[in-house]
Structures are given as structure tokens and as C-alpha cells.
Protein chains: 2
Amino acid sequence: MAATVDSPPVRLVVARCQVDYAGRLTAHLPMATRVLMIKADGSVLVHSDGGSYKPLNWMSPPCTLREGVTDDGQVEWTVTSKTEDTLRILLEEVHHDSSHDLGVDPGLQKDGVEKHLQALLAEHPTSLSPGLTLVRREFPTAIGPVDLMCRDADGLSVAVEIKRRGEIDGVEQLTRYLELLNREPLLTGKGPVRGIFAAQEIKPQARVLATDRGIACAVVDYDALRGIDDSEHRLF
Amino acid sequence: MAATVDSPPVRLVVARCQVDYAGRLTAHLPMATRVLMIKADGSVLVHSDGGSYKPLNWMSPPCTLREGVTDDGQVEWTVTSKTEDTLRILLEEVHHDSSHDLGVDPGLQKDGVEKHLQALLAEHPTSLSPGLTLVRREFPTAIGPVDLMCRDADGLSVAVEIKRRGEIDGVEQLTRYLELLNREPLLTGKGPVRGIFAAQEIKPQARVLATDRGIACAVVDYDALRGIDDSEHRLF
DNA sequence: CCTTATATGTCGCTG
DNA sequence: CAGCGACGTATAAGG
């Protein structure tokens, strides 16, 4: 007797279907041929040809799929989550239907993003502003750690917020830190704490807001920093 | 002669494979069985069983897939984008391989997103605060447009920020706008610009911050607004 | 084409 | 579990 699998983990279906979602929003997909992927946890993905990795429609786990038949004899899938979200898929014609046991996935291994950038800047603080020396990385405040705390040639404290992409949120974040840091007498002895917003790319909007708040912007050349130890500084 | 399809739009492959990505980061997937979806534009999705709709790894269009063979005879896919990102998939064993023509997708119809909420509130500004009249939607400022600019019965300007879910970011956003708007003499003639933070749901933290800054919070009943023209107002 | 704001964001971490 | 920040964010809208 052959070994059987009770509920095959992944099911791939190609079918002409119509999809309706109701949850945080309502969405409707007219009848057309699409790829349906049903995973072991009951989650469903509705993919069209093209677009990026995001499905046209989907249901995230945990959820349950119920297969039924409508009054006029069409197959209907109803996917429901605990939070009353529902995905209804009406199947008009099934072109393909297969199931596959994948087993457990060992998972993804990532390497090298922003932590690396922080390490580089910690080693070369003068690339942000001349005369800067590192006091400490991840300098703690009540609302979270500042990426870099430095001191400049005049003895002023300098708080540095590092992002890969400098957007307005990052300026807000640094502003909050500066507000708290400027209440610390130990830091403000020689004058108010300066702020530097450092990123590989700084959006115009973020630059405007930073400038408006007296925060300096530093565009960091990642490759140059990585390649050359004593890189030129760029401060705007 | 039978009609042939040169490059079938969607290809579904289930295979034991190993995946390596190099781009803004590097990522590695050890050898395991996964679902591979190749779309017409050459984009590739690597799905495992479980997780959400996001693939373990992927390549976004535009990109090209090249099928090759390694020195030791294994099938190898190399997907490259214009921006020198590369996805390398080493296939050890193919369990399934099928192609399907989907045709053009009519696309998704959404309802109940923020834009719709904004339209409803623009039509019924009194649901936010009594006596409010709309001056203009998407009122421009140096750092972006305010969702609604209104005027109250006393002639005061009122800036409204609308979110589906009211979180702390939205309060920050409105605060920024108010800061800029209050520098405009044309708006502050009768007094400082008021702020209203409107959302279907407002998180406690956001409410505290808003209150602290003198910003009013309005919880919007989307269904009521959509259903009834002259809905009751709720202002906290 | 670039910039900006939204997302059924998702994901991972930390308190 | 909530809150917060990052993401190869994706995606749509507007200038």
C-alpha cells in the first residue's frame, strides 16, 4: 500500500475565478484566470500574471478554508480569519489543481544592511563633520537609543541618527532624541546638543524639515567609506 | 499545424532548490523543496509553505531569467535585473513543472481606503466639528498637503488630518503642518489654526499626544457616513 | 520620470 | 501582547 498524505501542504490551482474580500477594506476581482496558492496553514494567495510579489488578493494566517458549492452549482471557497475578515473565491473553471508536500523550510539567512553602516560611521565620525569623535554607539535615552553620540572640537555633544534612506520620519525621531538630550545638564555644558541626520540618500522633504529644525544633513557614501578608511567628509 | 505559445505566461515549478540573492543585501536559502512562480515579465517568486504572502525570495520586474547548467550538471536559473541585482536558483530535483496562459487581468477594485474616507469627510465636514465648512482638500504646504483645510463658525482655520488608523505618526504629521500653517498670516487672522485628527480608530497613545498638543480627535464612523448624509458628529 | 503618501503592508525585536 | 523601526518594502497618485 502506498503512503498517503492526508492534507497536502501546498496546493496550486489555476482557475477562472472571481474574488471578493471584506475586512479592513472591501475589494473585488472580476472573473478572470488566475493562480491560486493555498498553503498548509490555510492562507490563500491570488496571483495574476505580472505585478510584483504582492498578490492581487490574499488571506493571511491564521485562517480556515471551507470549500462549498453555490446554488447554481459553482465551486466556492470561503476563507475566514479570526478577525472576521472573509475572502470568497468563486471558481468557474479549473485548469489545474495539484498538491505538493514541501516539508519544513530551513529559513532565510540575511546579511549586511544598516548595522554595517553604523559601524562604519562609528569608525569614521569625521566623515560626518570635521573634528567629531565618538563617545558611544547606541547611546541610551528614555525613548530609545541614539545611533551615535559624539563630541565635536568645541566640546559640544552631537547626536547622530543613521538611516539607509533619509525620510521625514527619521528627522522626527532625531528631533525627539534631541529634545530629551537637551534636558541633560551633563551633555549641554558647552552648549545645546547638535543633531546630524546621516543617510545614503536624503529626501528633499526630510532635508527641509531637518534644516528648519537646525539639524545638519550628511549624505554618506557607503562604498567610499567601506573602501577607503580616511574618506572625504561631506556635510550639507 | 497546432497553435503554439512561445513563452507561456505563468510557470509553476515545485522543486528542491537552493537560492542566493545579491543586491542591496545578500540572502541565502539552503536546499529545500519550494514553490517557484515565474511570471510573464520574467519576475520570479520563491515561496515556502507558510509565512504570509511575501515570498522568501524574489526578483521584481523588469528582469530576465536565464536557464543554465552548472559544471556538475545541475540546472541553474540566473535572474538579473537592470540594477545588477541577481537571484541564483540551483535546482536539485523538480517535482512539478507546468505553464499556464492567464490572459490579461481586469485588475482590483478597492473600496474603503483613506481617499474614500477623505471624500466623505470633505462632503460632511460638520461630522468632525459643528459649524465646519470646507475650504479645500489637499491644501498645500511646504512639506506636503494637508488632507482637509476648513474654517469654523468663528472664522478660525482648521487643518484636518485623516487616517484609517490613528497612530502616533499621524499626530506628528498634523503637528508639522500646524507649525507651518501658523506662520501664514492669511490663515491666522482670526486666531491660531486648529487641528483635528480624524480616524476610524484612534490608538490611546495617539490620543494622548494629540490632546497634549491641543489637537482634537474625531472618531469617524465610516459606515454611518457612507450610509447617512446628515450623520451625527462625534468629537472628543 | 521623480517625489510623496498609503498599505488588508509584513517582519522582527523588545518591553 | 503592544509598540516601534526597518524593509531588496510595493504601489498608486500627482507634479
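Here is a short, friendly conversation about a predicted model with two chains and a DNA strand.

Reader: How do you know that A:Gln205 counts as near DNA strand C?

Author: A residue is near if its C-beta atom, placed from the backbone, lies within 6 Å of the strand. Twenty residues are around DNA strand C, and A:Gln205 is among those that come nearest, along with B:Ser52, B:Val113, B:Glu114 and B:Gly144. A:Gln205 is therefore called near.

Reader: Which elements of chain A help to form that surface?

Author: Strand E4 (57–59) and helix H4 (204–212) of chain A each supply at least two residues. By class, the surface near DNA strand C holds 8 nonpolar, 7 polar and 5 charged residues.

Reader: What makes residues of chain A and chain B count as in contact?

Author: Their C-beta atoms must lie within 7 Å. By that rule, 49 residues of chain A are in contact with 49 residues of chain B. E2(A) gives the largest share of chain A's side, 10 residues. That side divides into 23 nonpolar, 17 polar and 9 charged residues.

Reader: Why are E8(A) and strand E2 of chain B said to pair?

Author: Pairing takes at least two bridges. E8(A) and strand E2 (residues 26–38) of chain B have 3 bridges, so they pair, in the antiparallel sense. In addition, A:Lys110 stands opposite B:Ala27 in E2(B).

Reader: What does UniProt place at residues 10–106 of chain A?

Author: An unreviewed UniProt entry places "domain: Endonuclease NucS N-terminal PH-like" there. In the model, this span is 0% helix and 64% strand, and its end C-alpha atoms lie 17 Å apart.

Technical notes
Residues numbered from 1 in each chain as written. Chains lettered and ligands numbered in written order. Predicted model: local features only at pLDDT ≥ 70, side-chain atom pairs only at ≥ 80, totals over all residues. UniProt positions renumbered as here; feature names shortened; annotations may be inferred. Helix = DSSP H or I, 4+ residues; strand = E, 2+ residues; numbered from the N terminus. Nonpolar A, V, L, I, M, F, W, Y, C, P; charged D, E, K, R; others polar.
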